[in-house]
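Work through the exercises below with the model open beside you. Try each task before reading its solution.

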Amino acid sequence: MTIQLKNISKRYGKDISLKNVSLTFETGKIYGLLGPNGSGKSTTLKMIAGLVYPDLGQVEVNGEEVTRRISKDVAYLTELDMFYPSFTVGNMIDFYASQFTDFDRNKAEQLMQDMKLDSAKKIKRLSKGNRGRLKLVLALARKAPVLLLDEPFSGLDPMVRDSIVKSLVSYINFDEQTVIIATHEIDEIEPLLDEAIIILNGKIIEQENVEDLREEAGLSVLEWFKSTMAEREGRDHE
Ligand SMILES: Nc1ncnc2c1ncn2[C@@H]1O[C@H](COP(=O)(O)OP(=O)(O)OP(=O)(O)O)[C@@H](O)[C@H]1O
């Protein structure tokens with residue numbers, strides 16, 4: 001599945017959220033969409049999920065324009081908690097299984113064990129971190145061709161993050177899935193990434209293959225991100 005954003009612009013009232021963004025995402029790769037608060041990461045993901053439409057430009061999946069129908073192919077972990085508080089964890093798993101034909105119960109069971117979640121527990125009684133884990137279970141248990149993760153590690157403690165980052169790849173089917181992770185926690189997701197994209201003030205300012213970055217420039221993604229941002233700031237102040 002090839003996802004293409006072609007010359008996308010989007011504004012909310014006076015605020016410009018995306019400016020002439022063009023990006024291509026291919027199956028089998030994990031992309032990191034990196035940038036500071038308010039840079040347009042979530043808006044980009046929402047566009048791929050068909051939840052927000054561009055003012056200008058096109059979003060295409062396999063050459064076809066994205067509509068609301070894309071949602072069946074997109075597993076989307078959002079920043080917002082959209083859980084029903086009276087549900088138990090198990091109810092939520094049942095609900096997802098009823099909503100999405102690609103929801104894999106066996107995978108969900110395995111993920112629940114890995115994330116140490118109790119299916120009898122009420123969602124309103126879960127800690128923030130455990131809610132974060134549940135969100136990951138619900139997104140990763142789907143065999144959707146497109147997996148969008150918006151700040152997937154927020155609320156998780158550092159030890160857990162580390163182990164989740166390590167186990168995440170085992171839940172991805174690289175023959176069939178495209179994964180896009182939006183985050184400002186670059187250090188943590190670095191080991192997962194194939195491609196790193198920097199978005200700033202609604203513009204894509206850089207994109208690099210992570211292996212090339214390491215081998216050719218001798219830089220970690222975080223070092224590259226910091227130096228790119230510093231260079232920008234310097235330029236903006238000239
Ligand atoms: N529903 C909305 N109504 C008005 N403005 C919006 C809306 N959604 C996003 N914006 C604006 O668009 C810009 C980009 O926001 P977006 O949420 O895409 O950034 P982000 O990079 O995901 O930020 P964060 O890291 O803080 O989540 C911001 O200026 C934001 O205020």
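The exercises that follow concern a predicted model.

**Exercise 1.** State the strand order of the open sheet and find its edge strands.

Solution.
- Step 1: The open sheet is built from six strands, and their order is 6-7-8-3-9-10.
- Step 2: The pairing in this sheet is mixed.
- Step 3: Strand 6 (74-77) and strand 10 (203-209) each pair on one side only, and these are the edge strands.
- Step 4: From one strand to the next, the twist averages 15°.

**Exercise 2.** Describe how strand 7 is joined to strand 8, and find the residue opposite Asp150.

Solution.
- Step 1: Strand 7 covers residues 146-150 and strand 8 covers residues 178-183.
- Step 2: The two strands run parallel, and five bridges join them.
- Step 3: Opposite Asp150, in strand 8, stands Ala182.

**Exercise 3.** Determine which strands helix 1 and helix 4 meet, and at what angles they run.

Solution.
- Step 1: Helix 1 (residues 41-48) lies across strand 3 (30-34), strand 6, strand 7, strand 8 and strand 9 (195-200).
- Step 2: The angle of helix 1 to strand 7 is about 155°.
- Step 3: Helix 4 (residues 128-140) packs on the sheet and touches strand 6 and strand 7.
- Step 4: The direction of helix 4 makes about 175° with that of strand 6.

**Exercise 4.** Is Ser167 buried, exposed or partly exposed?

Solution.
- Step 1: Locate Ser167 in helix 5 (residues 158-168).
- Step 2: Within 10 Å there are 15 other C-beta atoms.
- Step 3: Buried needs 20 or more, and exposed needs 12 or fewer.
- Step 4: Ser167 is therefore partly exposed.
- Step 5: Lys116 is 51 residues apart from Ser167 along the chain, and their C-alpha atoms are separated by 13 Å.

Methods. Residues are numbered from 1 along each chain as its sequence is written. This is a predicted model: local features need pLDDT of at least 70, side-chain atom pairs count only at pLDDT 80 or more; totals for chains, interfaces and linings use all residues. Two strands pair if DSSP finds at least two bridges between them. Helices (H or I, at least four residues) and strands (E, at least two) are DSSP runs, numbered from the N terminus. Axes are lines fitted to C-alpha atoms, for helices over the stretch in contact, and angles run from 0 to 180 degrees between N-to-C directions. Two residues are in contact if their C-beta atoms, placed from the backbone, lie within 7 Å.
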